[in-house]
Amino acid sequence: MRLTIDRVVLRRGNRNVINGASYQVAAGEIVALVGANGCGKSTLLAGVAGVLAPISGQITVDELDVWGKPAAQYAARARFGYVPENADAPGFLTGGELVALAAAARRGMAPTPAIIDALGLGELAPVRIDRMSLGQRRRACLGAAFAGPPQLLILDEPDNGLDVARLQALTSLLRTFAAGGGAVLLASHDRDFATQLDARIQLLAS
Amino acid sequence: MASVGPRSSPATDGNRLWSKTWRRAVLPGPVRRAVAVWLGVFIVAGTTIGGNGLAPSALVALVFGHPVVGAVLAAIWLLLLWPAARELRTAAGAQYLRSLPAPRYAPRVWTLALLLFMQLPIAVLCIVAGAYAHAALLTVAGAALLGITATLQLPARTPATPVWRSRVRAQLAIWARGVWRNSGASLLRSAGFVALAGLAAGGFIRANQLRGNEVSTFGATVLYAGLVPALAPLLAELVNVRMRMRAWDAALGMIGLQRQIAWVVACSGLVTSLVALAAMIAFTVAGVEFLDGARLFGFACAGGALVGALMARGSLWAMQRERSVFSNLVVALVIVTLATGITIGLLAETSLLPLGAAAVWAVTSTPRSQT
C-alpha cells in the first residue's frame, strides 16, 4: 500500500490553502502532519479522503486516483478509512449504523471484537450520533474507519475529545494496525501523541 | 408632580416574560406545520369542491350521513394534524423553560387555542355549507382528539445494528432512516395526503357522476393534484438527507449508485400513486367498470412513475445547487403533475406512451455518479 500526494493544490473559498503539497506514506508507516492552526492540515486530509476536490495535482492510493474515473475512485476509497476533524457524521444515524454503512461501502466486515472493545463501540451502537458527546462521536467514526478493514487510515485529530483510557487504547490500536502493514496519515496538535505512535512527523507550513 | 401608575409585581413580570418566551419557543413550529397542512388541503379541495361539482353541503352531508366515510376522513384529518399537535408537547425550545417557575394556565390556554385554530378549514367548510352546529362540534371534537392523541407516549425502541449486504441497500436504508428520523411527521402527513388524494378523486367521480373515459381521465388528474402536497415535503427531505450524507458518501466511495437509486425513487412514486388509486377505487367501487379501472391503473402507473422519476432528477438538481430549494421543487412538482393531467386529458390512452417514456428518460439520463 502506498499513498502518494503529488503537487496538490486545494482551495477553500477564494484562498489556496494547500499549494503544491507532495507527500508519500508507505505500508507500515505512521505519518503525523503537524502545524499551526489554519495551516491546512484538515484541508489536506479532506482532499486525500475524497471530500474536497483538488484544483490541481494528483492523489493516488496504490496508483488508483482518488479523484479519477468512478471505478478508480471507488477502488481507491474502499482502501481507506477517514475520520473528519469534527467527527460530524450524520446525526440521524446510530453508531452501529455508521459502522455498518462503512463496512457495506467497502464490501467488508465490521471491526474485529478487539477494536470494538478498545473503542467501546458496543455501548455506542444503539445511540444516535446527534446525542453523543464529541469523544463518543470520535469513537464511532474511528469504528467506521476500521470497518472493512482498510489499508490506510486518514485521521484528523483522532485524539481530540478522547479520555485517557481511550487515548491509550487508540495508540495501541494504531501501532498494531501499522505493525500489520497498514498505513496511517493523521493530523494532530499534540506532538506527544505523535511521539507515542513513533510517527514520522511532517511539518505543514502556513 | 406627575403621578406614577401602578407597577406590576416582579412575579407578574416574570410570568409575562416566561409566557412570551414560551410562545416564541413553542408556537412557530406547530403553526408552520398546520399551515402546510391547510395549503395541501386547499389544493385538494380546490380540485373537488365548488365549481368542479362537489358542494360543501354535499360533503358535510356525506361525512355525517355515512359513518364509514366520516370515520375515514376524521382519521386522515387526525393523521395530517397529529405531527403539529405533537410538536406542541415536544418542542425542544420549551425543555429548558420547564425548569423555571412558570405560570400555571397560560401555556394550556395557548395550546388549547392553537388546537382549536388548527381546525379552521373544517370549520370554514361547515360554515360555508351553513352547518353552524356541525362546525362547532367538529372544531371542538377535532381539537380534543388531537390534544389527547398528542399526549400518547410512543413506545421507545432500541435500533438493532444492521448488516447490509450491498452498497445500494446500505444507501437506501440510510436514506429511509434519514427521512424517517428527521422528518417522520412529514411521512405521516404524506400518508394522509395520499389517502386524501384518492378519496378526493373518488369524490369527484361520484359527485359528477362520471362515466366511461371521463372516470380515468378526470380521476387521474385530480389524483395527481392531490399527490403534490404528499410528495413535496418528502422530496425536500430527500434532498436534505443527500446533502448531509454527501461528504460521507464521498469518503466511503459510495459513488456510481445514482442511477440505481433514481430507479428506486421512481418506483416509490409509482407505489404512492397506486396506493392513492386504491383509496379512490375503494371509494367509488360501484361506479368504476373494469375497463375504466384498467385505464386508471395504467394512468396511475405511468404518471406515478413519471412523478417519482422527476423527483429523483429534481433532488439531484437541487443538490447540484448546494441548497434545498423547497419552493422551486414544489413549483416543479405542480408543473409536472399539471402537465401529466393535461397530457392524459388530451391524449387519453396514447398518453401512456409519452408519460412512460418521460419517466424512463428521467432515470436513464441521470448520471451514474456525481463527483
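## A guided tour of chains A and B

Begin by selecting strand β6 of chain A, where Phe80(A) and Tyr82(A) point one way, Gly81(A) and Val83(A) point the other way, and all are buried. The model on display is predicted.

**The parallel sheet of chain A**

Extend the selection from β6(A) to β7(A): the two strands pair in the parallel sense over 4 bridges. Within this pairing, Gly81(A) has Leu153(A) of β7(A) as its bridge partner.

Next, add the remaining strands to display an open sheet of 5 strands in the order β6-β7-β8-β3-β9 of chain A, with parallel pairing. Its edges are β6 (80-83) and β9 (200-203) of chain A, each of which pairs on one side only. From one strand to the next, the twist averages 15 degrees.

Now isolate β7 (residues 152-156) and β8 (residues 183-187) of chain A, which run parallel and are joined by 5 bridges. Here Ile154(A) is matched with Leu185(A), its bridge partner in β8(A). Then show helix α7 (residues 164-179) of chain A, which lies across β3 (30-34), β7 and β8 of chain A and runs at about 140 degrees to β8(A).

**The antiparallel sheet of chain A**

Move to the strands ordered β2-β1-β4-β5 in chain A, an open sheet of 4 strands with antiparallel pairing. The edge strands in this case are β2 (15-26) and β5 (64-65) of chain A, each pairing on one side only.

Select β1 (residues 2-12) and β4 (residues 56-61) of chain A, and an antiparallel pairing over 5 bridges comes into view. In this pair of strands, Asp6(A) stands opposite Gln58(A) of β4(A). Add helix α1 (residues 41-48) of chain A, which packs on the sheet and touches β1, β2 and β4 of chain A. The direction of α1(A) makes about 120 degrees with that of β1(A).

**Where chain A meets chain B**

Display both chains and select the contact between them, to which chain A contributes 23 residues and chain B 28 residues. On the side of chain A that touches chain B, the elements giving two or more residues are α2 (70-77) and α3 (95-105) of chain A. Of the elements on this side, α3(A) gives the most, with 7 residues. The residues on the chain A side divide into 17 nonpolar, 4 polar and 2 charged.

Then select Trp164(B), located in the loop between α7 (132-150) and α8 (167-208) of chain B. Leaving aside neighbours within four places in sequence, Trp164(B) is in contact with Ala100(A) and Ala104(A) across the chains, and with Arg169(B), Ala170(B) and Ala173(B). Is Trp164(B) buried or exposed, or in between? Trp164(B) is partly exposed, because 18 other C-beta atoms lie within 10 Å, whereas a buried residue has 20 or more.

**The largest nonpolar core**

Finish with the largest nonpolar core, a set of 172 residues in which Ala197(B) and Leu223(B) have the most contacts. Helix α9 (residues 213-251) of chain B gives the most to this core, with 22 residues. Domain 1 (11-154) and domain 2 (166-371) of chain B both give residues to the core, which therefore lies between them.

Centre the view on Ala197(B): not counting residues up to four places away in sequence, Ala197(B) touches Val44(B), Leu223(B), Gly226(B), Leu227(B), Ala230(B) and Ala276(B).

Technical notes
Residues are numbered from 1 along each chain as its sequence is written. Chains are lettered from A and ligands numbered from 1 in the order in which they are written. This is a predicted model: local features need pLDDT of at least 70, side-chain atom pairs count only at pLDDT 80 or more; totals for chains, interfaces and linings use all residues. A residue is buried if 20 or more other C-beta atoms lie within 10 Å of its own, exposed if 12 or fewer, and partly exposed in between; C-beta atoms are placed from the backbone. Two residues are in contact if their C-beta atoms, placed from the backbone, lie within 7 Å. Two strands pair if DSSP finds at least two bridges between them. Axes are lines fitted to C-alpha atoms, for helices over the stretch in contact, and angles run from 0 to 180 degrees between N-to-C directions. Ala, Val, Leu, Ile, Met, Phe, Trp, Tyr, Cys and Pro count as nonpolar, Asp, Glu, Lys and Arg as charged, and the others, Gly among them, as polar. A nonpolar core is a set of buried Ala, Val, Leu, Ile, Met, Phe, Trp, Tyr and Cys residues joined through C-beta atoms within 7 Å. Domain bounds come from an automatic or database domain assignment.
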